[in-house]
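Visitor: Please choose one small part of this structure and look at it closely. After that, show how the part fits into its surroundings.

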Amino acid sequence: MNQTSEKETQTSKKAPQPRAAAAGGEKVPARRKPFYQKSRRPQGAKPAQKPGVPAVPVHIIPLGGLGEVGKNITLYECQGDMMIVDCGLVFPDSDMFGVDLVIPDFGYVVQNKDKIKGVVITHGHEDHIGALPYLLKQVNLPIYATRLTIGLIKNKLEEHGLLGRTKLIEINARRKFKLGCFTIEPIHVNHSIPDAVALAIDCPAGVILQTGDFKIDYTPLTGGPTDLPAFAEYGRRGVLALLSDSTNAERPGFTATEKKVAQSFAGLFRKADKQRIIIATFASNLYRIQQIIDLAVENGRKVAVSGRSMANNTQMALELGYLHAPDGVLIDIEQLNKYPPEKVVLITTGSQGEPLSALSRMASASHRNVRVGPGDFIIISATPIPGNEKMVTKVVNGLLLLGAEVIYESMYDVHVSGHACQEEQKLILTLTAPQYFLPVHGEYKQLKKHAMTAESLGIPPKNIHIAEIGQDIRLSADGLELGEPVPAGAVMVDGLGVGDVGNVVLRDRRHLSQDGLVIVVATVDSRSGQVLAGPDLVSRGFVYVRESEELMDEARRLVVQCFEKCRTEHVRDWNSVKTRVRETLSSYIFRKTKRSPMILPILMEV
């Protein structure tokens, strides 16, 4: 919890002083009293508890999404009832060798499965729905989400064979529903995907607002602007706590509108009048896909899609009515080469340079249907996620080498963020006037910056808390307290294995990636300890044996000596023998090469 010094506390209690007179002697009026310091209780706020009666608490337990971008999941508990908001994943860091996905630790959820009334999803991005199949394999819970989000969840559950046994309940903005003692009202917000909602969670402890991912777009392509009147109404009634998206907390000003991208795309379509257009974007960015379809119709072009997730999402959105295309405009990718290049647009995945994505395969000339060349005009309509810059650069270089013209990053306005910048964050804070503020959804530096923004608006530092994953935050009208932390963290998914790759396995993989492996194989007489065959040394990722024969011969000679010494000293504990071999070889190799490969002795007894 943020603390202030005694001096700062005393200073903050002083009445605001009039500002100094301006030039010419004209007085400048004193600043307005911050709205947080108003003594009047907001209309509709819950009345104070009777003296001596403790206020009803609500427990907010973030199980992910703090100190990281992704893996968002928050558990709420009040009067024995629990509910979950979002259930996302995060993609692995570069040092998580071989790991496919990282999901939250569901241990605490499984322990309390009988108390949990359901999972409420704010929108359909992977960092908010990606871990649902892994949760539902352990606990069967009802899922509450908007129509499009349910469509995206269905695609995901079908892949895991869970669709038939999962209860999916459609929710709508401004329509309340109950989960135990919680009454939830979804609130429409703008984001880079349709059907995104914030949540007003009303319980006996008070009202908690969780924004989900949002921005404030006054001219959105569809769906109308963020429902600011709903936020203001809750602010008038009284908000116990606000949990708000911090992804863009370091960026001043406002996030640009999607219409800015539409104008930029129109100019690029004119520029590429005689070329084939290929556009890479997120498969979930249906606004961007609709923009491209509309421009293709205006310019007399056909549209094809590439990439499994892009094809699945586009088909689902067309069926649900979130995408619209005249008959005959959408074609199968197999038909792409039947049309002149200037008459087609290809929408593809791979805007983040993912190695197996469609755009990456095009850049390496290994795509089955698309051969990129000088006649192609390629637009990468996304900003690289931190950590993906090198992969995106590699793809751009590959496409340029093939002769294509590539528009990427900030060369033109081909992408806008779906997250609120500082002025939008201030607006939500001002409208809701929360008693407590918890910045969520971001790395620590972003959470810290969002906390500073809230403090600049007058929220007392003691009422702002930058939480950690697994913390039990106990909120009530009486104050904020921290309970005992719950089991939480990250679980790595590698292929079909969930959680079987941990720190020890990652350490070994890191070790192998840095210095390689040396395997020592020998056949030993179990009675005498005599070496009957070998020892043979096999190197992988350490040195090229044919060019290091002297090194390997000397290493083999030292291993033979080690075996002989063990035999003469009557050491028959094969684990001890392996340890001696490992230590002998490790010491020699480091002395000669300053490398520390993993050494794996394999002894076969006869």
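Guide: Thr523 counts as buried because its relative accessible area is 18%, and buried means under 20% relative accessible area, exposed over 50%, and partly exposed in between, found with a 1.4 Å probe and the protein chains only. The model is a predicted one, in which local features need pLDDT of at least 70 and side-chain atom pairs count only at pLDDT 80 or more, while totals for chains, interfaces and linings use all residues. Residues are numbered from 1 along each chain as its sequence is written, and side-chain values use heavy atoms, with hydrogens and water left out.

Thr523 belongs to strand E23, where strands (E, at least two residues) and helices (H or I, at least four) are DSSP runs numbered from the N terminus. Not counting residues up to four places away in sequence, Thr523 touches Gln530, Val531, Leu532, Ala533, Met604 and Val606; a contact means heavy atoms within 4.5 Å. The strand around Thr523 is mostly covered, since seven of the eight residues of E23 are buried. As a general point, side chains in a regular strand alternate between the two faces of the sheet.

E23 is part of an open sheet of three strands, in the order E24-E23-E25 with mixed pairing; two strands pair if DSSP finds at least two bridges between them. The edges are strand E24 (531-540) and strand E25 (598-605), each of which pairs on one side only. From one strand to the next the twist averages 15°, where axes are lines fitted to C-alpha atoms, for helices over the stretch in contact, and angles run from 0 to 180 degrees between N-to-C directions.

The two pairings of E23 can be taken in turn. E23, residues 517-524, and E24 run antiparallel and are joined by seven bridges. Val520 stands opposite Leu537 in E24, and Leu517 has Arg540 of E24 as its bridge partner. With E25, E23 pairs in the parallel sense over eight bridges. There, Ala522 has Leu603 as its bridge partner.

Two helices pack against these strands. Helix H15 (residues 549-568) touches E23, E24 and E25, and its direction makes about 140° with that of E24. Helix H16 (residues 574-593) also lies across E23, E24 and E25, running at about 145° to E25.

One residue of the edge strand E24 is Gly534. Gly534 is classed as partly exposed because its relative accessible area is 29%. Leaving aside neighbours within four places in sequence, Gly534 is in contact with Val521 and Arg556. The C-alpha atoms of Gly534 and Val560 are separated by 8.6 Å, although the two residues lie 26 residues apart along the chain.

Elsewhere in the protein there is another open sheet, this one of eight strands in the order E7-E6-E5-E3-E2-E1-E19-E20, again with mixed pairing. Its edge strands are strand E7 (168-170) and strand E20 (479-482), each pairing on one side only. The twist in this sheet averages 25° from one strand to the next. Two bridges join strand E5 (residues 116-120) to strand E6 (residues 143-145), and these strands run parallel. In that pairing, Val119 is opposite Ile143 in E6. Helix H5 (residues 147-159) lies across E6 and E7 and runs at about 165° to E7.

A pair of helices can be added to the picture. Helix H7 (residues 258-271) and helix H8 (residues 286-298) pack at about 35°, with their axes 10 Å apart. Their crossing is right-handed: the near helix is turned clockwise from the far one by less than a right angle, whereas anticlockwise would make a crossing left-handed. H7 brings Glu258, Val261, Ala262, Phe265, Ala266 and Phe269 to the contact, and H8 brings Tyr287, Arg288, Gln291, Ile292, Leu295 and Ala296. By class, this contact of H7 with H8 has nine nonpolar, one polar and two charged residues, with Ala, Val, Leu, Ile, Met, Phe, Trp, Tyr, Cys and Pro counted as nonpolar, Asp, Glu, Lys and Arg as charged, and the others, Gly among them, as polar.

Last, the whole protein. The protein has 16 helices and 25 strands, and 50% of its 606 residues count as buried. Among contacts with a separation of 6 or more, 73% are between residues 24 or more positions apart. The protein exposes about 29100 Å², with carbon and sulfur atoms supplying 50% of it; the areas come from the Shrake-Rupley method with a 1.4 Å probe, and for residues only the protein chains shown count as cover.
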